[in-house]
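Me: I would like to go through the terms used for this model, with each value set against the cut-off behind the word. Please take my questions in turn.

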Amino acid sequence: MAEQISFEPPRGMRDFYPEDMAWRNRVFDAFRAAGEAAGFEPYDACVVESYELLARKAGEEVGEQIYHFNDKSDRHLALRAEMTPTLARMVAQRQGTLAFPIKWTAIAQCFRYERMTKGRKREHYQWNCDIIGEESVLAEVEVLGAACDALRRMGLSNADFRVHVSSRALLSELLAASGIPAALHAQVFLALDKRGKMPDEEIAAMLRDGGVDEAGVKATFAIMDLKTLDEAAALAGAPAEGARSGVEDLRELFRLAAIAGFADCLEFDISVIRGLSYYTGIVFECFDAKREFRAIFGGGRYDNLLTTIGGAPATAVGLGFGDVVVTELLKARFGEEAPVPKKGVYVGWMFPEQRDAALALAAKLRAQGECVNLALRKAKPKQFFSRAGASSCAKAVFLGPDDVAAGQAKIKDLATREETAIAL
Ligand code: HAM
């Protein structure tokens with residue numbers, strides 16, 4: 001006998017039954033509408049990439065989570081763990097012809113061999129919004145504004161989520177002011193990103209292993225205790241002549257966000273580091289206001305990625321907004337079942353003699369732009385209307401022998417029970 005195949009999807013992967021699609025569509029619709037409303041152009045790419053493009057710097061968690069394999073021609077390939085390297089590759093390929101700045105958006109399925117916890121799967125969809133080729137903080141504001149808009153389109157308000165923002169440039173200035181040489185900053189970022197996920201003693205050990213001396217370790221933790229931008233500004237001191245300071249960028253971000261209408265959900269939080277090495281400036285992570293769930297979205301400025309992969313220099317800002325955490329949050333808030341607005345017409349028939357007329361009516365309504373669910377089998381009126389009531393249709397029409405003989409039927413609004421006559 002053949003071995004029984006498991007009906008479960010592989011661990012960490014998801015199936016989407018119709019009821020799951022209801023939530024997924026609600027979330028994706030909000031992503032698409034918010035992207036479009038903010039002027040981002042959709043793009044897409046294949047899920048499979050060359051491993052070389054996706055391989056990461058030592059210490060980056062995502063590097064160890066990449067699903068990779070050799071194809072039959074021995075090409076080393078991988079399933080993308082995020083969209084950003086692919087975006088950089090696509091931009092680099094057309095860098096001579098694109099008119100910068102560009103604003104691009106995608107909903108990309110991503111794969112990471114994660115340790116499974118709440119909010120973390122081995123496959124997720126990630127909405128990406130990126131602006132390439134813009135230096136000013138207005139780029140951060142446009143990206144963040146679109147993400148906040150998506151959350152509101154899903155039914156949440158500004159009071160339901162908090163966007164924690166910091167700046168790697170600022171953190172570098174603070175580390176430098178505390179005597180930690182620039183060459184060690186990347187290591188310090190990766191260690192600090194683990195804060196909250198492992199005890200501080202282990203973080204301190206990572207810092208020492210990375211070459212930070214005892215005074216530097218102490219100074220690093222003192223920096224993590226800074227509460228306000230003013231405190232950070234005082235410690236960082238004045239920026240070098242002509243240099244743009246992290247503090248100035250953050251102040252500008254808060255000022256512009258106030259104009260754009262979402263400053264009330266932003267807060268300065270020096271502990272936001274981000275686990276990916278390519279960020280260079282402002283970084284952010286969004287959480288639910290009660291901090292019950294993992295990060296809803298995250299991103300920041302990554303001005304060197306294009307050159308890292310061999311392209312010409314280009315500044316960039318972007319974010320990734322996963323579908324998993326936000327769906328958990330929406331279910332906790334609005335219930336397991338996604339509120340789906342009813343639409344379309346359910347068309348039913350009593351005996352085989354009315355089947356052709358029902359099909360003709362369905363074709364006529366569909367040609368008029370109506371969504372029609374045509375019953376595939378005969379039914380008694382009561383049975384049909386109870387099925388129609390439980391369906392996603394807003395209206396129903398049922399053809400019996402008399403209707404077909406009269407060449408006319410009644411369309412019933414299933415909510416108000418109002419009936420209107422229609423010619424067959
Ligand atoms: P990330 O922080 O690794 O950033 O992922 C962004 C978001 O994707 C997270 O906040 C979370 O919502 C979701 N996410 C990530 N991993 C998983 C997982 N295993 N299961 C469920 N959801 C997950 C990036 O990937 C950057 N590439 C974002 C970016 C775009 N930065 C600039 N442009």
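Me: What makes S10 and S11 a pair, and in which sense do they run?
Reply: Two strands count as paired if DSSP finds at least two bridges between them, and S10 and S11 have five bridges, in the antiparallel sense, so the condition is met. One of the facing positions is Gly-300, which stands opposite Gly-318 in S11. The strands are themselves DSSP runs (E, at least two residues; helices are H or I runs of at least four), numbered from the N terminus. This is a predicted model, in which local features need pLDDT of at least 70 and side-chain atom pairs count only at pLDDT 80 or more, while totals for chains, interfaces and linings use all residues. Residues are numbered from 1 along each chain as its sequence is written, and side-chain values use heavy atoms, with hydrogens and water left out.

Me: How do you know that S6 and S11 pair as well?
Reply: Seven antiparallel bridges link S6 and S11, and Gln-126 stands opposite Gly-322 in S11.

Me: Why is S11 called mostly covered?
Reply: Buried means under 20% relative accessible area, exposed means over 50%, and partly exposed lies in between (1.4 Å probe, protein chains only); in S11, seven of its seven residues are buried. In a regular strand the side chains alternate between the two faces of the sheet. For S11 both faces are covered, with Ala-316, Gly-318, Gly-320 and Gly-322 buried on one side and Val-317, Leu-319 and Phe-321 buried on the other.

Me: Which elements give two or more residues to the shell around the ligand, and which residues come nearest?
Reply: A residue is near a molecule if one of its heavy atoms lies within 4 Å of it. There are 25 residues around the ligand, and Glu-82, Thr-84, Lys-121, Asp-130 and Tyr-279 come nearest. By class, the shell has nine nonpolar, nine polar and seven charged residues, where Ala, Val, Leu, Ile, Met, Phe, Trp, Tyr, Cys and Pro count as nonpolar, Asp, Glu, Lys and Arg as charged, and the others, Gly among them, as polar.
As for polar contacts, which are pairs of N or O atoms within 3.5 Å, a nitrogen atom of the ligand is 2.9 Å from an N or O atom in the side chain of Tyr-278, and a nitrogen atom of the ligand is 3.4 Å from a polar backbone atom of Leu-319. An oxygen atom of the ligand lies 3.1 Å from a backbone N or O atom of Gly-322. The protein covers 96% of the 660 Å² of accessible area that the ligand has on its own, an area computed by the Shrake-Rupley method with a 1.4 Å probe. Strand S6 (123-132), strand S10 (297-301) and strand S11 (316-322) are the elements that give two or more residues to the shell.

Me: What makes S13 and S16 stand at the edges?
Reply: The open sheet has five strands in the order S13-S12-S14-S15-S16, with mixed pairing. Strand S13 (372-374) and strand S16 (419-423) each have a single partner strand, so one side of each is left without a neighbour in the sheet. The twist averages 25° from one strand to the next, on a scale where angles run from 0 to 180 degrees between the N-to-C directions of axes fitted to C-alpha atoms.
Within this sheet, strand S12 (residues 345-349) pairs with S14 in the parallel sense over five bridges, Trp-349 standing opposite Leu-399 in S14. Strand S14 (residues 395-399) and strand S15 (residues 408-413) pair in the antiparallel sense over three bridges, and in S15 the partner of Val-397 is Ile-411.

Me: Why is S14 called largely enclosed?
Reply: Four of the five residues of S14 are buried, so S14 is largely enclosed by the rest of the structure.

Me: Is Arg-274 buried or exposed, and what is the class of Arg-291?
Reply: Arg-274, in the loop between strand S8 (266-268) and strand S9 (282-288), has a relative accessibility of 11% and therefore counts as buried. Arg-291, in the loop between S9 and S10, has a relative accessible area of 48% and is therefore partly exposed. Phi is positive in these non-glycine residues, near 80° for Arg-274 and about 55° for Arg-291.

Key:
Polar contact = N/O pair within 3.5 Å; in protein donor to acceptor, adjacent residues only side chain to side chain.
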